[in-house]
Amino acid sequence: MKNTHLSLLNLSARAIRPLVAAIACASALSVTTPTLAVEFDGARIEMTMPFKEGGGTDTWGRFYAPLIGEQLPGQPIVVVKNIPGGGSTSGANQFQMRAKSDGRDIFASSGSTMFPYILGDKRVRYEYKDWTAILASPTGGVVYISSDLGVKNVADLVKLKDADLKYASQGATSLDLITLLSFEVLGLDVKAVFGMKGRGEARLAFERGEVNIDDQTTSGFIKKVQPLVDEGKAVPLFSWGVLGKDGKIQRDPSFPDLPHFVEAYEMVHGKTPDSERFRAWKSFFIAGYAAQKGLFLPKGTPDDVVQAYRESAAKVIAVPGFKEKAQDVLGDYEQAVGDEASMMFAEAVSMDDAAKTWVIDWLNSKYSAGLEAQE
């Protein structure tokens, strides 16, 4: 009954929208213009979660679900529906095919969902350009190195041309792709040691001395790596940075004294990066860090429903005490809503052909990734 109620409201809205427009044009007559409102009173909204329960994106989605519901008109219940499989492509494919465009279906995306899309994975049947972004959540990370190598900061990397550098990785097309690409862009010869089940396992390999260069997300670095830095066992090199509203990479507020990746490149090479490999890196950086997690509405969602969601997301992050409440899940990073979130995702999935061809050829030749070559 409740869903029927919502559908009827939407139908009613579509039916009388032209009339409302006419009335608006006649506003000079001082007639009060009627206001149309999206209403979700009693509705049940499903958030498709393409991962198992308990992971990072699932935790993120379950944090936001009740908050978004509280701020939407009618305060509907937002439930998380886990559809894992295929490296998150199964849930995304199902959302693409079955999601209703009346506001009752939303999708929780992560970098792990965007990477296969960007790389043209054969399993992908979803189209990010069909969806409308509501919210984007960034995260950060730091690359660090063993102090045994004698490096004091990122400027010293030029001394490591002949060093035996090893990096523990979950796989070349996983989120570690950003780190592997950063080594390539910087001109570092680093051997990847695959088979890690997560970044925590990779950090343990670093602590055992099996690898000597590593990266961790902000929370992982602060909790687990900073003690190693304090003991003189690790040296932080650079953070990934954050994406500013002007589209440029800025210093990570969690690590204001560390150069971001672009600054690191300039310190090593003496110039601004501008190549197909850097453009490829930037797309994956946005998808993997600057806009790592996001909420989307499906294709065809009416503008008034989109606006209701964007306003609810803006209200969520404006509630007094939100930052403190979100600290453990979101860190200190500013949340992007509406057009700002759309800008981030659009840039992430709009890698130019030259950069895309280069990165696929590089993954296939260096890591036998088996990706389909670009025509």
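These questions and answers cover a helix, two buried side chains, a pocket and some backbone angles in a predicted model.

Reader: Which residues of helix H6 are buried, and what arc do they cover around the axis?
Author: Helix H6 spans residues 199-207. Its buried residues are Arg199, Ala202, Arg203, Ala205 and Phe206. They lie on the same side of H6, because they cover an arc of only 155°.

Reader: Which elements do the buried residues of H6 pack against?
Author: The partners include a helix, H7 (218-230). Strands E5 (141-146) and E6 (165-169) are also among them. The list is completed by strand E8 (213-217) and strand E9 (234-239). In full, the buried residues of H6 pack against E5, E6, E8, H7 and E9.

Reader: Which glycine just after H6 takes a positive phi, and of about what value?
Author: The helix ends at residue 207. Just after H6 comes the residue in question, glycine 209. Its phi is positive, at about 85°.

Reader: Where does aspartate 252 lie, and is it buried or exposed?
Author: Aspartate 252 sits in a loop, between strand E11 (249-250) and helix H8 (261-269). Its relative accessible area is 0%. The cut-off for a buried residue is under 20%. Aspartate 252 is therefore buried.

Reader: Which residue joins its side chain to that of aspartate 252 in a polar contact?
Author: Aspartate 252 touches Gly140, Gly141, Thr218, Ser239, Gly241, Val242 and Tyr333, leaving aside residues up to four places away in sequence. Its side chain also reaches a backbone nitrogen, that of serine 254, at 2.7 Å. The polar contact between side chains is 2.7 Å as well, and its partner is tyrosine 333.

Reader: How far apart in space are aspartate 252 and isoleucine 45?
Author: In sequence, 207 residues separate aspartate 252 from isoleucine 45. In space, C-alpha to C-alpha, the separation is 34 Å.

Reader: Where is serine 239 found, and which backbone nitrogen lies 3.2 Å from a polar atom of its side chain?
Author: Serine 239 belongs to strand E9. It is buried, with a relative accessible area of 0%. Its contacts beyond four places in sequence include Asp252, Phe255, Leu258 and His260. The nitrogen at 3.2 Å from its side chain is that of glycine 241.

Reader: Which elements give two or more residues to the lining of the second largest pocket?
Author: The second largest pocket has a volume of about 300 Å³. Its lining holds 15 residues, and Val242, Leu243, Tyr333, Glu334 and Glu340 lie nearest the centre. The elements that give two or more residues are strand E10 (242-243) and helix H12 (339-348).

Reader: How many residues of the lining of the second largest pocket are charged?
Author: Seven residues of this lining are nonpolar. Three are polar. The charged residues number five.

Reader: What phi does glutamine 75 have, and is this residue buried or exposed?
Author: Glutamine 75 is in the loop between helix H2 (56-71) and strand E2 (77-82). Although not a glycine, glutamine 75 has a positive phi of about 45°. Its relative accessible area is 56%. The cut-off for an exposed residue is over 50%, so glutamine 75 is exposed.

Reader: Where does serine 368 lie, and what is its phi?
Author: Serine 368 lies in the segment after helix H13 (353-367). Serine 368 is exposed, with a relative accessible area of 62%. It is not a glycine, yet its phi is positive, at about 50°.

Definitions and conventions: Residues are numbered from 1 along each chain as its sequence is written. This is a predicted model: local features need pLDDT of at least 70, side-chain atom pairs count only at pLDDT 80 or more; totals for chains, interfaces and linings use all residues. Side-chain values use heavy atoms; hydrogens and water are left out. Buried means under 20% relative accessible area, exposed over 50%, partly exposed in between (1.4 Å probe, protein chains only). Helices (H or I, at least four residues) and strands (E, at least two) are DSSP runs, numbered from the N terminus. The arc is that of the directions from the helix axis to the C-beta atoms. Contact means heavy atoms within 4.5 Å. A polar contact is a pair of N or O atoms within 3.5 Å; within protein, one must be able to donate a hydrogen and the other to accept it, and residues adjacent in sequence count only if both atoms are side-chain atoms. On a 1 Å grid over the protein atoms alone, a cavity is a set of points where a 1.4 Å probe fits but cannot get out, and a pocket is an open set with protein on both sides within 12 Å along at least five of seven lines; lining residues have an atom within 4 Å of a point. Grid points are joined across faces, edges and corners, and a volume is the space filled by probe spheres set on the points. Ala, Val, Leu, Ile, Met, Phe, Trp, Tyr, Cys and Pro count as nonpolar, Asp, Glu, Lys and Arg as charged, and the others, Gly among them, as polar.
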